[in-house]
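Colleague: I am new to this model, and I would like to know what stands behind the terms used for it. Could you take me through them one at a time?

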Amino acid sequence: MARDYFSTKRILVTGGAGFLGSHLCDRLLAEGHDVLCVDNLFTGSKRNIEHLLQHPRFEFMRHDVCFPLFVEVDQIFNLACPASPVHYQHDPVSTTKVSVHGAINMLGLAKRLRCRIFQASTSEVYGDPTVHPQVESYWGNVNPIGIRSCYDEGKRCAETLFFDYHRQHNLDIKVVRIFNTYGPRMHPADGRVVSNFIIQALKNEAITLYGDGLQTRSFCYVDDLIEGFLRLMNSRDGFTGPVNIGNPNEFTIRQLAELVIELTGSSSKLEFRPLPSDDPLQRRPDISLAQKELGWEPTIQLREGLGKTIDYFRTITG
């Protein structure tokens with residue numbers, strides 16, 4: 001099929017070598033766009049984009065978004081930020097900087113180019129929620145001085161900047177709030193519950209649960225999430241979000257552990273440890289807005305998605 005140069009866009013993806021960013025690059029290229037992937041490789045990996053490096057419409061640039069970037073693009077997806085507690089607590093000052101300075105620099109670029117810009121925010125803006133499930137109008141219950149605050153408050157400040165640029169400069173913005181997402185290319189040492197459990201199960205090690213294991217999460221497969229990204233980016237003018245994108249099916253952490261043991265055929269046992277500080281007890285999105293505005297809802301159930309994720313981890317753990 002002939003390429004339509006009038007509909008082809010040059011699209012910047014910051015954090016493009018990360019777990020989510022690399023899947024987004026795949027999808028944008030599949031749709032015929034030119035992709036500029038920017039990443040400083042602090043938590044991203046060239047392995048995630050190795051299969052794209054020879055692609056004629058893909059370009060990789062090693063750059064830290066805490067510093068200005070001068071490029072010419074038609075759209076910006078701003079995904080740059082460490083997103084797992086292990087990584088964002090390693091250097092909490094830098095985590096806040098990449099959320100805040102990164103947002104300022106990307107918003108400045110979008111303002112100069114007069115282009116649409118997308119912000120990957122997070123369900124962490126809701127903190128340890130007192131409203132369940134979480135709706136976009138809920139302001140959150142967040143500790144501003146805790147060990148997770150570098151990420152939570154950095155993302156909250158980034159949302160503030162996006163909406164102030166929208167109001168003050170009439171910038172065309174789209175803001176998504178991402179709930180727990182899993183799938184191939186997750187970092188094996190990111191400390192997230194899905195990757196932790198799979199690695200432990202494949203090694204037949206004890207699976208560590210914190211607290212009583214009855215805290216709940218909702219798990220969205222990466223392909224479903226990326227579909228939500230694209231529907232939001234291409235949604236009607238004037239619709240800014242924020243929009244929850246996640247899977248509303250809720251599971252306890254113990255149920256997840258038991259399912260991982262079943263799917264891997266592992267002999268792992270469950271081991272319980274004290275609950276970390278500021279760890280939310282419940283996290284589940286209300287996706288009514290995404291259903292109404294984007295016609296989006298997840299299609300891949302946990303058992304299917306975990307199977308694909310386990311297959312990936314088998315290939316990288318040998």
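**Reasons behind the terms**

Modeller: This is a predicted model, and a good place to begin is the lining of the second largest pocket, whose residues divide into 5 nonpolar, 2 polar and 4 charged. The space in this pocket is about 210 Å³, and among the residues lining it are Val125, Trp139, Arg156, Glu159, Phe163 and Pro242.

Colleague: Which helix gives the most to the lining of the second largest pocket?

Modeller: Helix 5 does, with 4 residues.

Colleague: How do you know that the distance between the ends of helix 5 agrees with its number of residues?

Modeller: Helix 5 runs over residues 149–169, and at 1.5 Å a residue its 21 residues should span 30 Å; the end C-alpha atoms are 29 Å apart, so the two values agree. Its buried residues include Tyr151, Leu161, Phe162 and Phe163.

Colleague: And what span should helix 1 have, at 1.5 Å a residue?

Modeller: For the 12 residues of helix 1, residues 19–30, the expected span is 16 Å, and because its end C-alpha atoms are 17 Å apart, the two agree.

Colleague: What makes helix 1 mostly covered?

Modeller: Of its 12 residues, 9 are buried, and a residue is called buried when its relative accessible area is under 20%. Among the buried residues of helix 1 are Phe19, Leu20, Leu24 and Leu28.

Colleague: Why is Asn170 called exposed?

Modeller: The relative accessible area of Asn170 is 59%, and exposed means over 50%, so Asn170 counts as exposed. Asn170 lies in the loop between helix 5 and strand 6, and its phi is near 55°, a positive value in a residue other than glycine.

Colleague: What makes a positive phi worth pointing out in such a residue?

Modeller: Most residues other than glycine have a negative phi. Arg114 is another residue with a positive phi, near 55°, and it is found in the loop between helix 4 and strand 5. With a relative accessible area of 51%, set against the cut-off of over 50%, Arg114 is therefore exposed as well.

Colleague: Why is Tyr210 called partly exposed?

Modeller: Its relative accessibility is 30%, which is neither under 20% nor over 50%, so Tyr210 falls in between and counts as partly exposed. Tyr210 is found in strand 8, and, leaving aside its neighbours within four places in sequence, it is in contact with Gln215, Arg273, Pro274, Leu275 and Pro276.

Colleague: Which residues have the most contacts inside the largest nonpolar core?

Modeller: They are Phe77 and Phe229, in a core of 60 residues, and the largest share of this core, 7 residues, comes from helix 7. Leaving aside neighbours within four places in sequence, Phe229 is in contact with residues including Leu20, Leu24, Phe77 and Phe118.

Colleague: Where do the cis peptide bonds of Pro133 and Pro242 lie, and what are their omega values?

Modeller: The bond from His132 to Pro133 is cis, with omega near -5°, and Pro133 has its place in the loop between strand 5 and helix 5. The bond joining Gly241 and Pro242 is also cis, with omega about 5°, and Pro242 lies in the loop between helix 7 and strand 11.

Key
Residues numbered from 1 in each chain as written. Predicted model: local features only at pLDDT ≥ 70, side-chain atom pairs only at ≥ 80, totals over all residues. Heavy atoms only, no water. Core = buried A, V, L, I, M, F, W, Y, C linked by side-chain atoms within 4.5 Å. Buried < 20%, exposed > 50% of the residue type's maximum accessible area, 1.4 Å probe, protein only. Helix = DSSP H or I, 4+ residues; strand = E, 2+ residues; numbered from the N terminus. Contact = heavy atoms within 4.5 Å. Expected span 1.5 Å × (residues − 1). 1 Å grid on protein atoms, 1.4 Å probe; cavity = no way out; pocket = protein on both sides within 12 Å on 5 of 7 lines; lining within 4 Å. Points joined across faces, edges and corners; volume = space filled by probe spheres on them. Nonpolar A, V, L, I, M, F, W, Y, C, P; charged D, E, K, R; others polar.
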